[in-house]
Amino acid sequence: RVREGAGGDATEEAERVVREAAQQMAHEEVVGKESDEADREAGEEAERAARKEAERRESERRAKEDTEREIRDGEQQKAREEAEKKVREEAKWEAREEAGRAAREEVGTREHDEAERKANDEAERAARGAAQEDARRKALEEACRKARDEARRAASREAERVATEEAEERASEEAERRVKEETERVAKNEAQQKEQEEARRKALVEAERKAREEAERAAREEAERAAERSEADQRQREEANRAVREEAERRAKEEIERSAGLEAERLEAERLVRDRAEQVALEEARQRAREQEERRRKEEAERARVAAVQQARGEAERKARADAEHKARLEAEAARKAAERRARPPGPGYVLAVGFHVRAAQLPKVDGRVDFDALVAQVQSGLAESVPRQQALRLLMGCDLDVGIALERARDVAAWRQRRSMDLVKETLKAQLQAPGQMRLPMQDEVSRLVVVNPCALITADGCPVSIWHAGTANSGAVSKVPDDCLVTWSGAVFEYADLWISELSERTGVLAGHIQVFNLQGLGLWQVTNTALLDKLKTALGAGQFYVENVSHIFVVNSSSLFSMAWKLIRNLVTPRTASKISVTNDVPEELLKLLSPESSRRLSGLLSKPQPVAACARPP
């Protein structure tokens with residue numbers, strides 16, 4: 001109809017143009033006969049123009065017909081492709097349904113394996129014969145892959161659900177059995193304890209049982225809810241799949257009715273789809289069987305591992321309880337012995353002050369009886385931060401029992417400790433003491449370039465630390481190589497470690513312990529004593545000691561020259577008798593020092609004094 005309309009329009013237009021040209025020619029003929037020749041030529045020209053216009057319109061009509069023909073051909077091709085697509089979608093749904101049915105069938109028997117092999121061989125032969133349908137096969141393979149993925153996910157969800165239910169049931173049974181055994185064992189072992197402990201332990205066991213039952217109930221409810229959600233999702237998917245299949249079938253039937261010529265191709269496609277679906281289903285079944293077998297082996301291994309872990313945990317808990325009980329008994333015994341030691345002085349010449357036995361020679365000389373408890377309480381109440389009674393006692397002893405001076409000194413010490421972050425240094429040293437291995441102080445190697453020092457290298461018979469300063473090894477050439485920061489850091493660590501040592505020892509024994517320092521003057525020359533820069537460095541290395549009041553119990557100056565001994569006799573008269581009693585100056589190693597040391601430290605002392613050299617690590621508290 002479009003072509004006929006276009007042709008009729010072109011004809012009418014041509015006729016109209018011809019009529020107009022003829023009318024013009026007639027008019028011109030009437031107006032001027034003398035221009036007949038010109039009019040005739042004009043008429044001919046008009047006729048030629050009309051013919052050209054008609055030819056142009058005819059060409060346009062033909063082009064429009066060609067375009068419409070191409071459109072119809074494209075629509076037919078599109079309809080054919082749409083039919084093929086619907087056939088493929090139908091084949092896809094059929095393959096998915098077939099795969100789902102195959103997933104629900106039993107696999108693993110020899111007869112089924114033989115049938116799978118034959119079906120696989122037949123499918124391979126059919127696939128080889130369908131090489132010319134490569135494009136269609138790719139589309140069908142994509143559909144089969146999607147069907148296989150869907151079937152695998154469905155089978156995997158089902159297997160996981162079943163495995164989860166079985167594992168939960170087994171775990172619940174195992175937990176109940178172990179809880180019962182544990183309850184019986186605890187009840188039997190603790191029957192001999194006191195009635196209050198028995199009641200508390202039974203209550204604890206009952207609480208644990210209720211907590212486990214609550215956890216098991218919650219787990220079962222969660223598993224049931226998950227199973228219900230999974231079943232509901234499965235039903236929804238099945239309904240959706242069924243609706244999609246019905247719609248696809250309806251559309252496929254309508255398309256088949258409209259495109260009867262595609263019946264052969266559809267039958268061939270269906271056959272290929274069925275063959276391929278069977279092959280995919282067989283492969284999927286084999287894969288599922290392998291996955292189930294692998295999952296079963298993993299579950300068995302996991303059950304064995306869980307059983308082993310639970311058994312090991314039970315053994316560890318029993319051992320931990322036994323160790324805790326043994327440790328508690330040891331601690332109780334140690335506390336009892338410590339209380340007994342605190343109750344009696346270590347020997348004559350000791351005074352009991354705020355729970356610590358102190359040598360009378362260490363205390364300042366005062367008239368009358370001293371109430372140490374009251375003085376310590378005044379120091380503790382006068383400070384913003386709490387101070388242990390041992391530290392308060394040392395402050396009072398170092399300040400001649402003057403509470404005001406002791407409080408001022410305590411504030412200076414607290415400010416210095418805050419500036420130098422000494423609490424962090426203390427925690428670091430504690431962590432090193434608890435860890436195995438050597439006890440090393442920071443910057444020890446750097447300080448050894450300036451002077452050889454053996455901090456806390458020896459131990460006395462009663463467990464106090466002994467440090468050796470080899471003054472004769474002071475090296476003036478290293479003054480510029482060792483910065484003050486290294487010396488300050490090292491000095492704080494040395495005296496903090498000694499304070500940590502003697503504080504713990506004093507608390508444990510009830511006797512106020514102290515740090516013993518030995519200054520070895522062997523090799524000390526006049527050029528070292530007169531070197532101001534070197535002396536400043538040595539003062540920096542000893543500088544932190546002023547903030548640890550009354551920590552040093554005695555100082556031994558050994559291997560001194562006769563000149564130094566004479567100078568000390570003069571200086572001795574300028575210090576207090578209590579301070580002078582703490583310092584011993586000799587030109588050799590005094591017998592008093594050897595008696596203080598433990599046998600092992602006494603043997604090492606001579607070697608350290610004769611050949612001064614850095615020690616790899618500090619000693620540890622006994």
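Biologist: Before we start, what is a nonpolar core here?
Modeller: A set of buried Ala, Val, Leu, Ile, Met, Phe, Trp, Tyr and Cys residues, joined through side-chain atoms within 4.5 Å. Keep in mind that this is a predicted model.

Biologist: Fine. Which residues of the largest nonpolar core touch the most other members?
Modeller: Leu 441, Leu 450, Trp 469, Trp 490, Tyr 497 and Tyr 548. That core holds 40 residues.

Biologist: Which elements give it two or more residues?
Modeller: Five helices and two strands are not worth reciting in one breath, so take them in order. The helices are H9 (403-419), H10 (422-434), H11 (444-450), H12 (484-509) and H14 (532-542). The strands are E3 (452-459) and E7 (583-585).

Biologist: And which gives the most?
Modeller: H12, with nine residues.

Biologist: Zoom in on Leu 450. What is it in contact with, leaving aside neighbours within four places in sequence?
Modeller: Thr 473, Ala 474, Asn 475, Ala 478, Val 479, Val 482, Leu 487, Leu 534 and Lys 537.

Biologist: What does the second core look like?
Modeller: It is separate and has 24 residues. Phe 356, Leu 363, Leu 375 and Leu 396 are among them.

Biologist: Switching to charges. How many salt bridges?
Modeller: The structure holds 31.

Biologist: Start with Glu 247. Which residue does it pair with?
Modeller: Arg 250. Their closest N and O atoms are 2.3 Å apart.

Biologist: Where do the two sit?
Modeller: In helix H5 (residues 195-258), three residues apart, so about one helical turn separates them. Glu 247 is partly exposed at 28% relative accessibility. Arg 250 is partly exposed too, at 38%.

Biologist: Now Arg 274. How far apart are the closest N and O atoms in its salt bridge with Glu 270?
Modeller: 3.9 Å. The cut-off is 4 Å, so the pair counts. Both residues lie in helix H6 (residues 263-343), four residues apart, about one turn of the helix.

Biologist: Is Glu 270 buried or exposed?
Modeller: Buried, with a relative accessible area of 12%. Its partner Arg 274 is partly exposed at 43%.

Biologist: What about Glu 294 in that helix?
Modeller: Glu 294 forms a salt bridge with Arg 297, with the closest N and O atoms 2.3 Å apart. They are three residues apart in H6, about one turn. Glu 294 is partly exposed at 33%, and Arg 297 is partly exposed at 41%.

Biologist: Which residues are linked with them in a network of salt bridges?
Modeller: Glu 293, Arg 296 and Glu 300 join Glu 294 and Arg 297 in that network.

Note on methods. Residues are numbered from 1 along each chain as its sequence is written. This is a predicted model: local features need pLDDT of at least 70, side-chain atom pairs count only at pLDDT 80 or more; totals for chains, interfaces and linings use all residues. Side-chain values use heavy atoms; hydrogens and water are left out. Buried means under 20% relative accessible area, exposed over 50%, partly exposed in between (1.4 Å probe, protein chains only). Contact means heavy atoms within 4.5 Å. A salt bridge is a side-chain nitrogen of Lys or Arg within 4 Å of a carboxyl oxygen of Asp or Glu.
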